[in-house]
Amino acid sequence: MTTAIAHPNIALIKYWGKAPGPLNIPASPSLSITLDQLATTTRVTTQQRDRFVLNGVETDDRKVAAWLTHLRTHLSIPGLSIETTNNFPTGAGLASSASGFAALITAINAHCGLGLDATACSSLARQGSGSAARSLFGGFVELHAPEWCATPLFDAAHWPLNVVIAITDTGRKAVSSSVGMERSRTTSPYYPAWIKQTEVMFDEAREAIRERDFDLLARLSEQSTLNMHALMLSSQPPLLYWNGVSVVLMHRITALRDSGVPVFFTIDAGPQIKAVCLPEAVDVVESALREVEGVRQLVRAKLGGGARVVND
Ligand code: PMV
């Protein structure tokens, strides 16, 4: 039996759209921070037939099954019982598939003695879920051409940003990321502009992080979020992942920043808002978000480490 743990990551420069082909290669680079606090814990044991248990419930997860079938075309992996638990809502825009595939490949690699390094694991995790490639590493992480395996940019100590996550709905999203991305690629008139702009902003964001330039990173991250959601809205049928509370929270965070608090928002394919701030601002940010009606839960996180085996 082998157990591994991985944390979700949040992209500050988002990817939304894949290159054609079977390997799940993103169409544009992305840059993320890995969180602590939120975690997926995955335990694998050898058994005759595969079995997948998510949060205590046996589930028929076709994405995991297809991924395992693909892995077995070139790696020796026996039948596995996979038991995975998230300490946060699953499939709700909180990157559970990122931490999920990162924890799973880390556990399988150790359990089956595959001898893969974190870079190779990142590449395989990406084939399950694009963002999962980044959860293999901690701190600030980038994912870009030509290898499309994530690489660590800086560790958490470089710039210990804090994140306050406002959960506004714990339900699963109506349209999965994979379906949504394909819809945007094939129907949005803005898709080529989105890809081009992301490439430019990716380089700028790297520099902002290197220089610890909070104002620049805030501008680029919010722009990446809003560009992605504009792309989603311009898809046919439109993809609207926000609810009313998400919009109120965006206004609240912008107003806080205008009043001098170092904070910005970022949002993925769901209605949750992640407020990224400097450590000295975290109490003010948390109390301001707590006052917003409709916020169900607030979770504080710092930057966390990469995926790892926790026992054997
Ligand atoms: O990991 P995927 O392929 O389900 O896509 C994740 C997409 C976003 O979270 C919205 C953006 C990102 O770069 O993480």
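These are my notebook entries on the domains, helix pairs and unusual backbone spots that I looked up in this predicted model.

**Entry 1: ground rules.** I count residues from 1 along each chain as its sequence is written, and for side-chain values I use heavy atoms, leaving out hydrogens and water. Since the model is predicted, I accept local features only at pLDDT of at least 70 and side-chain atom pairs only at pLDDT 80 or more, while totals for chains, interfaces and linings use all residues.

**Entry 2: the two domains.** I looked up the domain assignment of the protein chain, which gives domain 1 (2–157) and domain 2 (161–302); such bounds come from an automatic or database assignment. Their C-alpha centres lie 22 Å apart, and the contact (heavy atoms within 4.5 Å) takes 33 residues from domain 1 and 50 residues from domain 2. I then noted that domain 1 and domain 2 bury about 3,400 Å² between them, 70% of it on carbon and sulfur atoms, where buried area is the accessible area (1.4 Å probe) that two parts lose on being put together, summed over both. Within domain 1, the residues that lose the most area to domain 2 are L12, K14 and W16, together 26% of what that side buries.

**Entry 3: α5 with α6.** Two packed helices are described by the angle between their axes and the distance between the axes. For my purposes helices are DSSP runs of H or I with at least four residues, strands are runs of E with at least two, and both are numbered from the N terminus; axes are lines fitted to C-alpha atoms, for helices over the stretch in contact, and angles run from 0 to 180 degrees between N-to-C directions. Helix α5 (residues 191–210) and helix α6 (residues 214–233) have axes that come within 10 Å and cross at roughly 160 degrees, and α5 and α6 are therefore roughly antiparallel to each other (angles under 35 degrees count as roughly parallel, over 145 as roughly antiparallel, 65 to 115 as roughly perpendicular and the rest as oblique). Among the residues making this contact I found W194 and M201 of α5 and L220 and L231 of α6. By class, the contact of α5 with α6 has 11 nonpolar, four polar and one charged residues (Ala, Val, Leu, Ile, Met, Phe, Trp, Tyr, Cys and Pro count as nonpolar, Asp, Glu, Lys and Arg as charged, and the others, Gly among them, as polar).

**Entry 4: two partners of α3.** Helix α1 (residues 62–72) packs on helix α3 (residues 118–128) at about 135 degrees, with the axes 9 Å apart, and that makes α1 oblique to α3. Here K63, W67, H70 and L71 in α1 meet L124, Q127 and G128 in α3, a set that divides into three nonpolar, three polar and one charged. Helix α2 (residues 96–111) packs on α3 at an angle of about 130 degrees, with their axes 9 Å apart, which makes α2 oblique to α3. This contact is made by F101, A102, I105 and N109 of α2 and C121, L124, A125 and G128 of α3, and by class it has six nonpolar, two polar and no charged residues.

**Entry 5: backbone exceptions.** Most residues other than glycine have a negative phi, and most peptide bonds are trans. I found that the peptide bond from A145 to P146 is cis, with omega near -5 degrees, and that P146 sits in the loop between β8 (140–143) and β9 (151–154). Another cis peptide bond joins Q236 and P237, with omega about -10 degrees, and P237 lies in the loop between α6 and α7 (244–258). Finally, N24, in the loop between β2 (9–13) and β3 (30–34), has a positive phi, near 60 degrees.
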